[in-house]
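Biologist: Could you take me through one part of this model up close? I'd like to hear how its helices pack against each other and which charged side chains pair up around there.

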Amino acid sequence: MEDAREGGQRRERTRVSTTETTTRPRLLLVEDDPQLGPLMVRVLEEVYDVTLHSDGGVALDAAQDGRFEVMIVDRRLPTVDGISIVETLRRSGVHTPMLILTALGSIQDKVRGLDAGANDYLVKPFEFDELFARLRAIRRVSNGEGPFVRVGEWEFYPDSRAIYSPYDGRTILTDRESELLKLLAVHPDKTFTRDEILRTVFTTGDTPGTVDTYVHYLRRKTDADIITTVRGRGYRLGQL
């Protein structure tokens, strides 16, 4: 697992944007490797609220109530193997997105895992960047976020008002924040004056200062450069 460990060290040096409006999704990690399991917890906890179990039977009991939002399940485990965990949970009506993690990389092994009900399959050794990307993908499909607009390295889902950071953090925007970012994101090459934004996004009675306030809110919840100030003119999309 050299690649995963090196990837973990790199990610531990990466700062993640967090705010009081961002909650960490609950992730169940089922991994019996005494070195890899704790390392994965440290890295995944940048974004997720992680529960680690090394025994398949204990993990199966913990997962039955459906309180987790995503699961990573090792293929080979004591007591109950990963495939059996996935099959049992699916038969029980648990629809939590699941990723199987394994050293078995043959096509037959992958097919068996996916046919058991897993959403994805990742072979060891792996890079943490790929693991995070796969977790993002299976959670998006499960959550039904709808189509997204890319803002630099961020993914913005106007239908659900969700925006995902490059490091997997998910933040829900308010209606006005979402409408403001959507206006800029749909027209990435256009600079909007405050009056244009007021007419399109806000209600009668709001002032140009309201636009500045909501630009501040968006920058605070995401990155300072997600919206660019064009001096003397207004605002346009940043992160280009």
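Modeller: Here is a walk around helix H7, with a short look at other places for context. Keep in mind that this is a predicted model.

Let's start with the packing. Helix H7 covers residues 175–186 and helix H9 covers residues 208–221; their axes come within 10 Å and cross at roughly 90°. An angle from 65 to 115 degrees counts as roughly perpendicular, so that's how H7 and H9 sit relative to each other. On the H7 side, the residues involved are Arg176, Glu177, Leu180 and Leu181, and they meet Thr210, Tyr214, Val215, Tyr217, Leu218 and Lys221 of H9. Sorted by type, that contact has six nonpolar residues, one polar and three charged.

Now for the charged pairing. Asp175, in helix H7, forms a salt bridge with Arg161, at 3.0 Å from N to O. Arg161 sits in the loop between strands S7 and S8, 14 residues away from Asp175, so the pair links distant parts of the chain. How open are the two partners? Asp175 is exposed at 53% relative accessibility, while Arg161 is partly exposed at 28%.

For context, a helix pair elsewhere looks like this: H4 (residues 82–91) and H5 (residues 107–116) have axes that come within 8 Å and cross at roughly 25°, so those two are roughly parallel. As for salt bridges, the whole structure has 13. Another one joins Glu196 and Lys190, at 3.8 Å from N to O. Both partners are partly exposed, Glu196 at 22% and Lys190 at 34%.

Conventions
Residues are numbered from 1 along each chain as its sequence is written. This is a predicted model: local features need pLDDT of at least 70, side-chain atom pairs count only at pLDDT 80 or more; totals for chains, interfaces and linings use all residues. Side-chain values use heavy atoms; hydrogens and water are left out. Axes are lines fitted to C-alpha atoms, for helices over the stretch in contact, and angles run from 0 to 180 degrees between N-to-C directions. Helices (H or I, at least four residues) and strands (E, at least two) are DSSP runs, numbered from the N terminus. Angles under 35 degrees count as roughly parallel, over 145 as roughly antiparallel, 65 to 115 as roughly perpendicular and the rest as oblique. Contact means heavy atoms within 4.5 Å. Ala, Val, Leu, Ile, Met, Phe, Trp, Tyr, Cys and Pro count as nonpolar, Asp, Glu, Lys and Arg as charged, and the others, Gly among them, as polar. A salt bridge is a side-chain nitrogen of Lys or Arg within 4 Å of a carboxyl oxygen of Asp or Glu. Buried means under 20% relative accessible area, exposed over 50%, partly exposed in between (1.4 Å probe, protein chains only).
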